[in-house]
Amino acid sequence: MLKKLLSVVLFSVMVASVSLQKFTEDLTDDDSIIFGRSSDIANEFSEEYINFLKTGHESETLKALSNKLANMHTLKEIFTTSISEWKTKDQLFMCTTCQAVVNIITHMFRDENGELNGPNAESNTKDLMLELCQRFQLQTPDVCSGLFDINWPTVHYVIMNSKADARSICGLLPISFCAVKQEEFEWSVEVDNTTGQLTKPKDEIPQKTANDLKILHLSDIHYDPDYKEGSLADCEEPLCCRNAGNMNISDQLGAGHWGDYRDCDAPMRLIVNAFEHIQTQGQIDYIYYTGDIVPHNVWSTTQDSNKEIITEVFDLLSKHFGNIKVYPAIGNHEAHPANVFGNENVPSDFSSVWLYEHLWDLWSDWLPAEARNTTLKGGYYTATPRPGFRIISLSNMDCYIFNWWIYYNGKETSLPQLQWLHDTLLAAEKNNEHVHILAHIPSGGKDCWPVWAREYNRIIERFSNVISGIFNGHTHRDEMLLHYSKYGHAMAISWNGGSLTPYSYKNPNYRIYEVEPQTFQVVDHETWIFNLTEANEQNDLGTPRWFKEYDFSDFTTDLSPAGIDQWLNVMAENPDLLRKFWSFKVTLADPKLSIGCNNKCLSDTICQLALSANNQRDRCQELQSILELKLQDETTTTTVPDNNGSPATTISAPITALNIAYFFKKFLF
């Protein structure tokens, strides 16, 4: 009974969180107060809704609560933006409605003959989910229905057989005050302890040479074969620019020729143009592709359509770059359903082998034969492009909190690959090799399971002497993060390659690294972009004007982990320099620059650079404190507009018991 209840609850969370990014932190005293107040509202709603189900009569109280909850969130922004960009009301909405659905489904499962039991259970469950989806104005009926149909079999199986309980379901939301610890999912990697803990930062400064390697970093192409120029670019669904049914659309609302800043993925002409421009860059030694080829239509994908899209893009890479070796990593969108990657022991009906076999067919020309076994097992592999240099490519969707199999058995899902990573690094150390790690999801984001991130960082600390660079994607931002050891020593750098897709509100971009050929450390990188507004003004009369956005050496020439750590201090002490970094982070995209980066945005930006596990925030908070003092000094001499065009304020404080009442009063009463 309880397991059936949990199946429905998890699906309701899934519909509301299809593009959620970021995970949870431990509860604080203030968080518990907020959670309690949210629970009160959820209880009131659920009591009224259950009475409505029994009687068919909708009370005025239920109507009022439904309207307020529906109007509380910012519509599809909860689907298309990261939680770091969410407004407080969105977080409160998600936590409150999740609890309300828990209460409703609990009641409907008390009776063995209830509507959600018996031969019509699935259809009745879908009807209920669609009614709640409409009531809360979460998404269009097509999106909600598609999400249910695609995800229900997996969600139902996972919860019917998992250790997760009802309370922990809402705890999976990446919202601190809604979080619940799940001790049953604790596990650890066996780490070789022959070297002990790091005693100092990694501070060997890599120097440029005449023989530096050039490595191209591509990520997050998100090719949409259904992109239609002139179609509606500002639609209700999570992915736009693809509905050509009504072509009487104003130029302002229509999709651009080369792509669109709004919630639209990349047309083929954009991808081809990018590859053609890269071909003008001279010698490229290797290509890293860090995942996500499939578009954001997560409610309507199929295995066949995913395979077709993946094939088309990798074939295009082969066509344009010939004999240059490509080293890919899997993204969360490659799967069907999106995000869902089971381990090798899941039932065959839910296996991801279909994807791994297809990828091996496409990758086998680039990878050594010995990579086949692990690729077919879990989509990860290792290769040695040249003596002394090893590449390890992870499929780190076992850290992604929207991979439902984590909640089936997190240890069984996540531990084997991390243990393989450890053992592969140990062998590399013995062979005096330097290593690059490729993975789609950065470990410091809230959407990476903190247990996984903690164990990953334990491995990085142990082998920081052989790890020369880490390369990620996923965020669609041009950024990076610094990994810190248990005792706070800077030990490794994760570089993020931005994205080719403009989704959402970014200029298409790619990156080229200069890599010193002895230690294989990054000594510089350059990022190339084109301005989407300018390109679309030409329509099909010209091609985009690609230009070098910046060299990283414009900021600092010391690209050792210790040097980057000191550079973070410099940016915290110089808000204008941090604003410059932020402008590159958002790829100088016109919509982002028009809004700007207020003090909270600056605080979030400096924090993210110092997070390699989201619940290890000491360095983040230290940098934020330095920045806050500088911003306070700034306000005595100047006014900086915030994201709403209002006068600047100091860094926004965390939600507390003193100010939470304001949000509830404003958005619910």
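**Salt bridges, a charged patch and the surroundings of strand S9**

Lys-63 is partly exposed, with a relative accessible area of 35%, in this structure, which is a predicted model. Its salt-bridge partner is Glu-60, and the closest N and O atoms of the two side chains are separated by 3.5 Å. Both residues belong to helix H3, which spans residues 60-70, and they are three residues apart, or about one turn of the helix. Glu-60 is itself exposed, at a relative accessible area of 59%. The total for the model comes to 28 salt bridges, and the pairs described below illustrate other settings.

One such pair links Arg-545 with Glu-534, where the closest N and O atoms are 3.1 Å apart. Because Arg-545 lies in the loop between helix H15 (532-537) and strand S12 (547-551), while Glu-534 lies in helix H15, the pair ties together parts that are 11 residues apart in sequence. Arg-545 is partly exposed, with a relative accessible area of 46%, and Glu-534 is likewise classed as partly exposed, with a value of 28%. Elsewhere, salt bridges that share partners join Glu-186, Arg-454, Glu-455 and Arg-458 into one network.

A further pair is found among buried residues. Glu-479 forms a salt bridge with Arg-477, with 3.4 Å between the closest N and O atoms. Glu-479 has a relative accessible area of 3% and therefore counts as buried, the cut-off being under 20%. Arg-477 is also buried, with a relative accessible area of 10%. Glu-479 is placed in strand S8, a strand that covers residues 478-484 and pairs with S9 in the antiparallel sense over seven bridges. In C-alpha to C-alpha terms, Glu-479 and Ser-494 are 8.8 Å apart in space, although 15 residues separate them in sequence.

Strand S9, formed by residues 490-497, takes part in two of the strand pairings described here. Within the antiparallel pairing of S8 and S9, His-483 stands opposite Ala-492 in S9. The hairpin of these two strands has five residues between them, and within that hairpin Gly-488 adopts a positive phi near 90 degrees. Strand S7 (residues 467-472), by contrast, pairs with S9 in the parallel sense, over three bridges, and Asn-472 stands opposite Asn-496 in S9. Eight of the eight residues of S9 are buried, so the strand is largely enclosed by the rest of the structure. In a regular strand, the side chains alternate between the two faces of the sheet.

Charged residues also occur outside salt bridges. Asp-304, Glu-308, Glu-312 and Asp-315 together form a negative surface patch. Asp-304, one of these residues, lies in helix H10, which runs over residues 303-321. Since a patch is made of residues with over 30% relative accessible area and no salt bridge, the four acidic residues named here are set apart from a buried, salt-bridged residue such as Glu-479, whose relative accessible area is 3%.

Methods
Residues are numbered from 1 along each chain as its sequence is written. This is a predicted model: local features need pLDDT of at least 70, side-chain atom pairs count only at pLDDT 80 or more; totals for chains, interfaces and linings use all residues. Side-chain values use heavy atoms; hydrogens and water are left out. Patches are made of residues with over 30% relative accessible area and no salt bridge: like charges are joined within 9 Å, nonpolar side chains (Val, Leu, Ile, Met, Phe, Trp, Tyr) within 5 Å. Accessible areas come from the Shrake-Rupley method with a 1.4 Å probe; for residues, only the protein chains shown count as cover. Lys and Arg count as positive and Asp and Glu as negative; His and the chain ends are not counted. The place of a charge is taken as NZ of Lys, CZ of Arg, CG of Asp or CD of Glu. Helices (H or I, at least four residues) and strands (E, at least two) are DSSP runs, numbered from the N terminus. Buried means under 20% relative accessible area, exposed over 50%, partly exposed in between (1.4 Å probe, protein chains only). Two strands pair if DSSP finds at least two bridges between them.
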